[in-house]
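Dear colleague,

Please find the structure below, handed over for your consideration. A short account of what was found in it follows.

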Amino acid sequence: MENILYLNNGNLAEIQKRIPCPDFDRNEIEIGIIHIGVGGFHRAHQALYTHNLLEKFNSSGKQWGICGIGIREADRKIHDVLTKQNGLYTLMVKHPDGEVKPQVIGSLVDFLLGADDPNPVIERMANPHTKIVSLTITEGGYNFNPATGEFNFENPDIQHELKHPERPKTVYGYLTAALRKRREAGIPAFTIMSCDNIQHNGDVARNMLLTFAKKQDSELAEWIEKEVSFPNSMVDRITPVTTQSDIDYLEKTYGLKDEWPVTCEPFLQWVIEDKFSNGRPGYEKVGAQFVPDVKPYEKMKLRLLNAGHSVLGLLGAIHGHKTINSCIEDEVFSKYLRKFMDTEATPTLDKVQGIDLDKYKDSLQERFANPNIKDSVSRICSETSAKLPKFLIETLDENLTNNGSIELTTLVIAAWCYYSDKGKDKNGQPIEIIDVMANELHEAAKRTITDPLAFIKQESLFGDLAKNKRFATSYTEKVQEIYKNPDVKKIMESML
Ligand code: CS2
């Protein structure tokens, strides 16, 4: 390979000879969007839409540059890498036939780390040029009790920022601090655009922020209620964790040194409600879909795609599958997934205009089968405690109410118990459990031997599901079966 080029502004002209680079003048870009939570997903999705917009409409779109924000200490690495690379990073789209298409993305033009000093972040959010604050803070970042949906005031960070509004720690502290400044200075409010996998993500962000703000400053809360809009959105693109081999591939193939590229599948979708209090980018010109009500799309995606991922992930982890595509290659897993989607998820869905659900499910199976993106089961299983209540337990609740089928979902919950208890697959190989609730889950799961319902008695996750006779009976049977013999594939096969 030719000489190695580090990814930064100074090398762009040279890098451009090897792979596509931003075709717009990055010096001209103004910051109109503040994004909190710059993970792989944001960089494969919203930042790409924004990049495409800047590329297409250079001068007319130039007010929509993005400033990334990290509010946790854990964001230091991405802050340091992006700062060194002038906000530039490579997006590698991995096609099922093995082709990898890299492209340098240029819409992130600045990055601030609130963990060091929250003031520059608050100032930037309060700046009149900022029109939108967007969020990918993960399901867990919304700080609600998964079973009741209520705001968790016990979180020590929340208690801290209620006492010290000038030193925020969570997204709620930052948003209220910045909105307070805007209100005092007579600057119009920004839109808060949630891009997380939560049904009614905008409504949830609104309810949580208002609950917090009311406790902190009731007049500000009233102003937020009137002035800030919170569009709901459905976001979709499978974005695996970046591996060292992705980094090496860029260096070996293109002589490009990017410390943190992002990989993703070719599929890309964004459905948003057109509810913006202070203007918005013309994302519809680059493929996003603006609709009056996004709820049926969100529900469809969460209950089929995200739930489907968890079904494969938790059962796959115990079986010993390492990637989602290896789950799909396994006929029992792929049939089980389809049966779950057809008999337990689909009956809870509303009709979505213009979408043929059978085709949608076919396309999910194809996307999951992409052998080139190697989406890890460990990514899917990470933070299951924040995901399952939204992805799967709501479906279970509805099926219990409507006397629908619950067996396939129940097995997944029993598998989650075994997984949390043992931290091993069926062959005794260790599984690394990444979950903020890992200890509590483990403690509850461990009691299964003496009390088969112990795991589902965790009310913050399951509400009073343990008291539902039908579910409790089915769950007991399945959890005991797995504990007797963790060959989950055999159990799945018997259910097809
Ligand atoms: C996954 C999602 O986190 C998960 O468990 O289901 O990250 C999924 O890949 C994305 O929502 C796809 O849009």
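The model is predicted. Among contacts in the protein chain between residues at least 6 apart in sequence, 77% link residues that are at least 24 apart. The chain comprises 21 helices and 13 strands, and 46% of its 496 residues count as buried.

As to overall dimensions, the C-alpha atoms fill a box of roughly 65 × 60 × 45 Å along the principal axes. The radius of gyration of the protein chain is 23 Å, which agrees with the value near 23 Å that a compact globule of 496 residues would have.

Two local arrangements may be of interest to you.

The first concerns helix α18, which spans residues 438-446. Its buried residues are Leu 441, Ala 444 and Ala 445. Viewed down the axis of α18, these buried residues fall within an arc of 100 degrees, so they line one face of the helix. In general, an α-helix has 3.6 residues a turn, so residues three or four places apart point the same way. The cover over the buried residues of α18 includes α16 (384-401) and α17 (407-422).

The second concerns helix α7 (residues 171-185) and helix α9 (residues 218-227), which pack at an angle of about 85 degrees with their axes 10 Å apart. α7 is therefore roughly perpendicular to α9. On the α7 side, Thr 176, Leu 179, Arg 180 and Arg 183 take part, and they meet Leu 220, Trp 223 and Ile 224 of α9. By class, this contact of α7 with α9 has four nonpolar, one polar and two charged residues.

Yours sincerely

Methods: Residues are numbered from 1 along each chain as its sequence is written. This is a predicted model: local features need pLDDT of at least 70, side-chain atom pairs count only at pLDDT 80 or more; totals for chains, interfaces and linings use all residues. Helices (H or I, at least four residues) and strands (E, at least two) are DSSP runs, numbered from the N terminus. The radius of gyration is taken over C-alpha atoms; the globule rule is 2.2 Å times the number of residues to the power 0.38. A residue is buried if 20 or more other C-beta atoms lie within 10 Å of its own, exposed if 12 or fewer, and partly exposed in between; C-beta atoms are placed from the backbone. Two residues are in contact if their C-beta atoms, placed from the backbone, lie within 7 Å. The arc is that of the directions from the helix axis to the C-beta atoms. Axes are lines fitted to C-alpha atoms, for helices over the stretch in contact, and angles run from 0 to 180 degrees between N-to-C directions. Angles under 35 degrees count as roughly parallel, over 145 as roughly antiparallel, 65 to 115 as roughly perpendicular and the rest as oblique. Ala, Val, Leu, Ile, Met, Phe, Trp, Tyr, Cys and Pro count as nonpolar, Asp, Glu, Lys and Arg as charged, and the others, Gly among them, as polar.
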